[in-house]
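Here is a friendly walk through one protein model, meant to be read with the structure open beside you. We will visit its pockets, its sheet and its core.

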Amino acid sequence: MKLTDKEFEVMNLFWLENKPLSAKEIMDILPPDYKYNTVRAVLKSLLDAGFISVDSYFKSGNTYGRRYKSAISMERYLADEIAQSTQTHQNKSQKMMGIFAALVGDGKMNKQALIEMQKLIEDNIGSEQE
């Protein structure tokens, strides 16, 4: 499922903060033009889609609230988006190679990251041959 802009912005908070957040905590971080009802609707949508889960319940004054946590990492979401975007292409492997080449070919990745990627590729090649 592709996230809307608002859903992605809220998910990005979960990924950056790396801790459970309540609707109020999210409101405190988001730009002031976000309304409480909008945040609640986005949280419901993310919860229904399985992107977040309820981490805990808490009491605040006379009401109870929930803290939510991410159920999917940013890396997994982006990888799924890339994989889904290549589903309609006849030559999926070639499309994935183009994406990979764009990621590593711009010179912005450091040598250690490239070595780690190489190891991941070699490990996957080894597991496919078994």
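## Pockets, sheet and core

The lining of the second largest pocket is a mixed one, with 5 nonpolar, 4 polar and 5 charged residues. Please keep in mind throughout that this is a predicted model. The second largest pocket holds about 240 Å³ of space, and 14 residues line it. If you would like to find its centre on screen, look for Tyr 36, Phe 58, Tyr 64, Gly 65 and Arg 66, which lie nearest to that point.

Which elements build this lining? Helices H2 and H3 each give two or more residues, as do strand S2 (52–60) and strand S3 (63–70). The largest share comes from S3, with 6 residues.

Now for the largest pocket. Its volume is about 660 Å³, and its lining divides into 12 nonpolar residues, 1 polar and 1 charged. Nearest its centre are Ile 82, Met 96, Phe 100, Leu 103 and Met 117. Two or more lining residues come from each of helix H4 (74–85), helix H5 (92–105) and helix H6 (111–129).

Here are the two pockets side by side:

| Pocket | Volume | Lining residues | Nonpolar / polar / charged |
|---|---|---|---|
| Largest | about 660 Å³ | 14 residues | 12 / 1 / 1 |
| Second largest | about 240 Å³ | 14 residues | 5 / 4 / 5 |

Strands S2 and S3, which help line the second largest pocket, also belong to a sheet. This open sheet has 3 strands in the order S1-S3-S2, with antiparallel pairing. Its edge strands are strand S1 (21–22) and S2, each pairing on one side only. Between S2 and S3 the antiparallel pairing runs over 8 bridges. Arg 66 in S3 stands opposite Tyr 57, and Arg 66 is also one of the residues nearest the centre of the second largest pocket.

Finally, let us turn to the largest nonpolar core, which has 20 residues. Those touching the most other members are Val 10, Met 11, Phe 14, Ile 26, Leu 43 and Leu 46. Helix H1 (5–17), helix H2 (23–29) and helix H3 (36–49) each give two or more residues to this core, and H1 gives the most, with 5.

What does Ile 26 contact, leaving aside its neighbours within four places in sequence? Its partners are Val 10, Leu 13, Phe 14, Leu 21, Val 39 and Leu 43.

Key. Residues are numbered from 1 along each chain as its sequence is written. This is a predicted model: local features need pLDDT of at least 70, side-chain atom pairs count only at pLDDT 80 or more; totals for chains, interfaces and linings use all residues. Side-chain values use heavy atoms; hydrogens and water are left out. A nonpolar core is a set of buried Ala, Val, Leu, Ile, Met, Phe, Trp, Tyr and Cys residues joined through side-chain atoms within 4.5 Å. Buried means under 20% relative accessible area, exposed over 50%, partly exposed in between (1.4 Å probe, protein chains only). Helices (H or I, at least four residues) and strands (E, at least two) are DSSP runs, numbered from the N terminus. Contact means heavy atoms within 4.5 Å. On a 1 Å grid over the protein atoms alone, a cavity is a set of points where a 1.4 Å probe fits but cannot get out, and a pocket is an open set with protein on both sides within 12 Å along at least five of seven lines; lining residues have an atom within 4 Å of a point. Grid points are joined across faces, edges and corners, and a volume is the space filled by probe spheres set on the points. Ala, Val, Leu, Ile, Met, Phe, Trp, Tyr, Cys and Pro count as nonpolar, Asp, Glu, Lys and Arg as charged, and the others, Gly among them, as polar. Two strands pair if DSSP finds at least two bridges between them.
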